[in-house]
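Trainee: Please take me through one part of this structure in detail. I would like to follow the histidines and the strands and core around them.

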Amino acid sequence: MEYKNFPAGYVVRPATLDDLPQAVQLFNRYGQDTIGSNLDSIESMQMVWKTPGFDLAEHTALVLTPEGCPVAYGELWDIAAPYVHKYLWACVDAEHRGRGLGTALARWAEEQARLRLPLSPEGVRVTLSHGLPTQQVDAGRLLRSLGFEHVRSFYQMRIEMVNQPPQPVLPEGIVIRSMVAGQEERAVVAAVMDAFRDHWGFVEEPFEQRYQRTMARVANDPYYDPALWFVAMAGDEVAGFSLCTPHSEEDEQMGWLDQLGVRRPWRRSGLGLALLYHTFGEFYRRGFTKVGLGVDASSLTGATRLYERAGMHVARQYMTFEKELRSGRELGTQTVAEG
């Protein structure tokens with residue numbers, strides 16, 4: 001791969017698995033500098049880098065000093081058909097900012113994304129996005145100068161549990177329990193895809209592609225615990241779910257709620273709140289004092305109001321910047337259709 005327009009005095013190449021220890025140190029220095037906490041562990045990043053479809057040789061740019069110390073990094077996520085929403089994540093060490101590395105990484109990602117435009121269906125809109133903590137004002141200014149626009153904000157929300165959380169009140173006919181590992185994963189993935197159709201930006205993808213990616217991630221996740229994949233069952237149907245991880249890089253006392261959703265036929269019944277309280281209660285029982293999650297600040301399904309009602313508050317805000325690479329019909333969900 002050719003890396004163009006990077007400033008002189010640096011070595012730029014794809015990352016390899018051998019780079020993980022030093023790369024994680026870079027990511028955590030960046031995290032400490034921007035949000036005051038670590039971002040990753042070697043184990044969690046190894047899981048990410050082994051995601052099916054993510055090719056380190058094609059999708060990463062690692063910037064090093066001549067002595068071999070990583071000081072900047074970018075990765076392009078464009079791994080799932082129909083390949084219409086592409087994502088850049090990049091970081092630059094504080095001591096090396098202001099030298100053009102951020103600009104070079106953004107231009108590299110855009111060039112790679114444009115090379116992949118033939119993978120997208122004709123006539124549909126294709127975008128490149130990058131998320132930033134709100135504290136990164138200079139990075140936001142840089143993205144705007146490169147043609148990106150701020151299109152959405154997201155929250156990290158948390159709850160601190162001083163006392164035992166309330167007991168969930170279940171809708172009639174609903175039971176919440178842990179997923180049966182080895183038997184119910186396909187049903188859970190199908191329920192996640194169904195529930196998230198009403199989330200902003202959702203793009204339909206082939207079920208088998210999503211299922212295989214989910215299972216590969218589970219297989220490589222050192223913190224995966226199927227007992228923390230909660231399903232709300234209406235008979236033999238998955239009405240809702242709360243999929244959790246007993247680990248957070250930034251706070252060892254915080255459990256993480258990866259995905260929570262309720263399928264349309266069971267919404268407005270109190271099931272979402274019941275799933276939250278069930279989740280809080282299990283983390284509390286395990287000795288966690290906090291639970292965190294990420295959510296669209298303008299959630300089309302009103303998720304932020306639900307989380308606030310459950311006692312959660314906004315701990316951090318992120319901005320999503322987007323650049324249109326090709327105009328056309330938007331495949332991502334923009335509004336919720338009633339019915």
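Mentor: What follows is a walk from two histidines to the neighbouring strands and then to the nonpolar cores. Keep in mind that the model is predicted.

Start with His59, which sits in helix α3, residues 56-59. Its relative accessibility is 1%, and because the cut-off for buried is under 20%, His59 counts as buried. Leaving aside residues up to four places away in sequence, His59 touches Met1, Gly53, Phe54, Gly74, Glu75, Leu76, Ile79, Trp108 and Arg116. Ala15 lies 44 residues from His59 in sequence, and the two C-alpha atoms are 8.9 Å apart in space.

His96 is placed in a loop, the one between β4 (85-92) and α4 (101-115). His96 is also buried, since its relative accessible area is 13% and the limit is under 20%. The side chain of His96 makes a polar contact of 3.3 Å with that of Arg99. Beyond four places in sequence, the residues that His96 touches are Tyr10, Thr65, Val71 and Leu101.

Now the strands. β4 pairs with β5 in the parallel sense, over four bridges, and one of the bridge pairs joins His85 to Thr127 in β5. Between these strands the chain passes through α4, and the resulting β-α-β crossover is right-handed. Strand β5, residues 126-133, is mostly covered, with seven of its eight residues buried. β5 also pairs with strand β12, residues 313-326, this time in the antiparallel sense and over eight bridges. In that pairing, His130 has Phe321 of β12 as its bridge partner.

That leaves the nonpolar cores. The largest has 48 residues, and those with the most contacts inside it are Phe6, Phe27, Trp49, Val63, Tyr73, Leu101 and Leu105. At least two residues of this core come from each of α1 (20-34), α2 (42-49), β2 (60-64), β3 (70-77), β4, α4, β5 and β12. The largest share, seven residues, is supplied by α4. Leu101, one of the residues with the most contacts in this core, is also touched by His96. Val63 touches Phe6, Tyr10, Val11, Val12, Cys69, Pro70, Val71, Ala72, Leu101 and Leu105, again not counting residues up to four places away in sequence. Apart from this core lies another, of 31 residues, which includes Met161, Ala232, Val262 and Leu276.

Methods:
Residues numbered from 1 in each chain as written. Predicted model: local features only at pLDDT ≥ 70, side-chain atom pairs only at ≥ 80, totals over all residues. Heavy atoms only, no water. Buried < 20%, exposed > 50% of the residue type's maximum accessible area, 1.4 Å probe, protein only. Polar contact = N/O pair within 3.5 Å; in protein donor to acceptor, adjacent residues only side chain to side chain. Contact = heavy atoms within 4.5 Å. Pairing = 2+ DSSP bridges. Right-handed = clockwise from strand over helix to strand, strands pointing away. Core = buried A, V, L, I, M, F, W, Y, C linked by side-chain atoms within 4.5 Å.
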